[in-house]
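Dear colleague,

Please find below the structure I promised to pass on to you, together with a short account of what I found in it. I suggest keeping the view open while you read.

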Amino acid sequence: PRTGAFFDNTDDTVTKMPIQAKTIRSTNLNFVGSNLFACNAPKTGCTNWNTFYLYLNKGVLITENTTNRNPGAVYNWNMNNKPKKWWQESNLTETETIDIFQKYDRILLSRNPYVRFLSSYQDWLHRSTQKETDVPFSNFTELYESRNLTTVFSKTLMDHVDPVTKYCKFEELGGYKVLRVEEEALWFNEFVDHYNMTSTMKEYGGDRVFKSLMEKSSLVADFVPSIVGTQPYPSTLYKSKHNGDSSRKLRQYYTPKLAAKVTQLFMSDFIHFQYPLWDGNPLTFHFV
C-alpha cells in the first residue's frame, strides 16, 4: 500500500530517550541523504542497500560486475583511506552527535531469524572453505552457541550471525522503524519516495536493489499465501555471489530440535520484529 502514514508516525517518547554519544557512534549506521539513519545488518540485503547508499551519499558507483565478483567492495571502496563515519566527516561533538541522531528518522531492515541463521551458515561455509559433511548445520549451531571463536569460527565475522537487534543496538537506541525484507514489495516504493530517493534510485538502477513482481492489475486473491505469511511477497531479489536462497532450504536443514534452539538464541529478534515462532515442521512455517 502506498501510504506515508507508517514513515510519518514517530513515537517521540522513544526517539528522545536518553542516549549516550558513544552508543550512537559504536552502532553501524548509514546517514542516508540528509534526513535518515539506516541500519542494514549483514544477511538482510545489506550489500544491495549499502551499495546504493554509497552512490546516493558520495556519487561512487560500484558496478554490478564488481559486486558479483566481490560483494565486499562497497565496504572497501576507498582503498587509500578508511571511510569516515558520518559523525567524523563533520567533526561533530558528542552533543551534536546526539542532537542530529535524535532529529532524524531511523530505519532497520529485519529478516526472519530462522532464514537468516541458515543464510549465515551458508555464508560461513563459503568463507571458511568448510564442507557441510565436516560441519553440519547442527554442529554450526552448537559452535555459535558456545561462541567458539578460536577454532572453526576464526574466519567468521560474528556480526554476520548475531541477532539483528544486537548489531543495530535496538534496545539501547530505540526509535527504529522496522522494515521486514519479506515484505519489501509492500514498502520499497513508498520508502524510496518518502525519503526523496526516487530520482537517484532511477539513475542508479533500482532493480539492482529490489524489483517487485506485484502488478497493478493483480488481485488480493493472488497474494493470499504472502498475506498469511507462508510465502514472501513476489520479487526478483538481486543475486549477489553469496546469496544462498536460504528461504527455500529450511526443510532440508531444520529439525524440531534445531528450530527450538534457534528460537532460543534469537529470541530478541522474534520479540522486537514480531516474527512467528516455529516448531520445525515444514508445514507450519511462516515467513511473517
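**The sheet and its surroundings**

In this predicted model, four strands form an open sheet in the order β1-β2-β3-β4, and the pairing within it is mixed. The edges are taken by β1, residues 30-32, and by β4, residues 176-180, each of which pairs on one side only. If you follow the sheet from one strand to the next, the twist averages 30 degrees.

Between strand β2 (residues 36-39) and strand β3 (residues 105-110), the pairing is parallel and runs over four bridges. To find this pairing in the view, you could start from F37, whose bridge partner in β3 is R106.

Which strands does helix α7 touch as it packs on the sheet? Helix α7, residues 94-103, touches β1, β2 and β3, and its direction makes about 70 degrees with that of β3. Helix α12, residues 184-194, also packs on the sheet, where it touches β2, β3 and β4, and its direction makes about 130 degrees with that of β4.

**The chain as a whole**

Stepping back from the sheet, you will see that the chain holds 17 helices and four strands. Of its 288 residues, 45% count as buried, while the accessible surface comes to about 15100 Å², with 50% of that area belonging to carbon and sulfur atoms. Among the contacts with a separation of 6 or more, 73% are between residues 24 or more positions apart in the chain.

With best wishes

Note on methods:
Residues are numbered from 1 along each chain as its sequence is written. This is a predicted model: local features need pLDDT of at least 70, side-chain atom pairs count only at pLDDT 80 or more; totals for chains, interfaces and linings use all residues. Side-chain values use heavy atoms; hydrogens and water are left out. Helices (H or I, at least four residues) and strands (E, at least two) are DSSP runs, numbered from the N terminus. Buried means under 20% relative accessible area, exposed over 50%, partly exposed in between (1.4 Å probe, protein chains only). Contact means heavy atoms within 4.5 Å. Accessible areas come from the Shrake-Rupley method with a 1.4 Å probe; for residues, only the protein chains shown count as cover. Two strands pair if DSSP finds at least two bridges between them. Axes are lines fitted to C-alpha atoms, for helices over the stretch in contact, and angles run from 0 to 180 degrees between N-to-C directions.
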